[in-house]
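Subject: Structure for you to look at

Dear colleague,

Here is the structure I said I would pass on to you, with the sequence alongside. Please open it first, and then read the notes below with the structure in view.

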Amino acid sequence: NMEMQFTNELNQELLDVINTPPFTAEQLAEMDESARAVVEEQAAFARQHPVIAIYRLAVPGSLTACGGKVTKASSTGKVTLENGTEAAFALEQDEVTYADGSTAKIATSAGQQFCNGNRGFALVGSMLDNGDKIISTPQGSCYLVARKDVPMAVDFLAVTGA
């Protein structure tokens, strides 16, 4: 009973979803000029800085390169998985458990820019304190995007030495 897993792979289908304009032509026509200007500005920004990567948020059931599984997720935010169950998002310092019963803690995250309390959200790509890395997650709907020439926060996926 393997749950479906999602990686940070950026395919055309996902790019199309990300790049779909948020408003229809009709909706734009009904907006006042200042609102329309903001939408145009955002669209221009998106064209100038195309999405180059995504980082999915980790939840319990996320897998690591060395066969571990995220078992503890202490955020207040939740997402509904493909199978209909709800899952909380994992945070920095949450736990990964291995088949032999050993555990590790999530060491890197999205950082202070994307956090719950004072701990960043764990991502596919987060490193663990034992050198392992989260490689996939059972949730496919929540992710952060990286855009060309737009730097991520300085503590994004960085070991901060808490």
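Cys 66 is exposed, because its relative accessible area is 58%, and with a cut-off of over 50% for that class the assignment follows directly. Please keep in mind throughout that this is a predicted model. Cys 142, by contrast, counts as partly exposed, since its relative accessibility is 23%. Where is the closest cysteine sulfur to that of Cys 142? It belongs to Cys 115 and lies 16 Å away, which is too far for a bond, given that a disulfide requires two cysteine sulfur atoms within 2.5 Å. In keeping with this, a search of the whole structure finds zero disulfides.

On the overall architecture, the protein chain has three helices and 11 strands, and read along the sequence the three helices come before the strands, in the pattern α-α-α-β-β-β-β-β-β-β-β-β-β-β. The C-alpha trace spans about 60 × 35 × 30 Å along its principal axes, and of the 162 residues in the chain, 36% count as buried. If one takes the contacts between residues at least 6 apart in sequence, 66% of them join residues that are at least 24 apart.

Two aromatic pairs turn up in a search of the whole structure. In one of them, the rings of Tyr 55 and Phe 156 have their centres 4.8 Å apart and their planes at 75°, so the pair is edge-to-face. This pair links distant parts of the chain, as Tyr 55 sits in strand E1 (residues 51-56) and Phe 156 in the segment after strand E11 (143-147), 101 residues apart. Both Tyr 55 and Phe 156 are buried.

The other pair, Phe 89 and Phe 121, is also edge-to-face, with 5.8 Å from centre to centre and 90° between the planes. Phe 89 is in the loop between strand E5 (86-88) and strand E6 (95-97), while Phe 121 is in the loop between strand E9 (119-120) and strand E10 (134-136), so this pair ties together parts that are 32 residues apart in sequence. Phe 89 and Phe 121 are both buried.

Two backbone angles deserve a look as well. Most residues other than glycine have a negative phi. Gln 93, however, has a positive phi near 80°; this residue lies in the loop between E5 and E6, and it counts as partly exposed because its relative accessibility is 34%. Leu 157 likewise has a positive phi, of about 50°, although it is not a glycine. Leu 157 is found in the segment after E11, and with a relative accessible area of 25% it is partly exposed.

Last comes the largest pocket, whose volume is about 320 Å³. Of the 16 residues that line the largest pocket, the closest to its centre are Pro 21, Pro 22, Gln 42, Ala 43 and Ala 46. Helix H1 (12-19) and helix H3 (33-48) each supply at least two residues of this lining, and H3 gives the most, with six. As for chemical character, the lining divides into 11 nonpolar, three polar and two charged residues.

With best wishes

Methods. Residues are numbered from 1 along each chain as its sequence is written. This is a predicted model: local features need pLDDT of at least 70, side-chain atom pairs count only at pLDDT 80 or more; totals for chains, interfaces and linings use all residues. Side-chain values use heavy atoms; hydrogens and water are left out. Buried means under 20% relative accessible area, exposed over 50%, partly exposed in between (1.4 Å probe, protein chains only). On a 1 Å grid over the protein atoms alone, a cavity is a set of points where a 1.4 Å probe fits but cannot get out, and a pocket is an open set with protein on both sides within 12 Å along at least five of seven lines; lining residues have an atom within 4 Å of a point. Grid points are joined across faces, edges and corners, and a volume is the space filled by probe spheres set on the points. Helices (H or I, at least four residues) and strands (E, at least two) are DSSP runs, numbered from the N terminus. Ala, Val, Leu, Ile, Met, Phe, Trp, Tyr, Cys and Pro count as nonpolar, Asp, Glu, Lys and Arg as charged, and the others, Gly among them, as polar. Rings of Phe, Tyr and Trp (its six-membered ring) pair if their centres lie within 6.5 Å; planes under 30 degrees apart count as stacked, over 60 as edge-to-face and the rest as tilted. Contact means heavy atoms within 4.5 Å.
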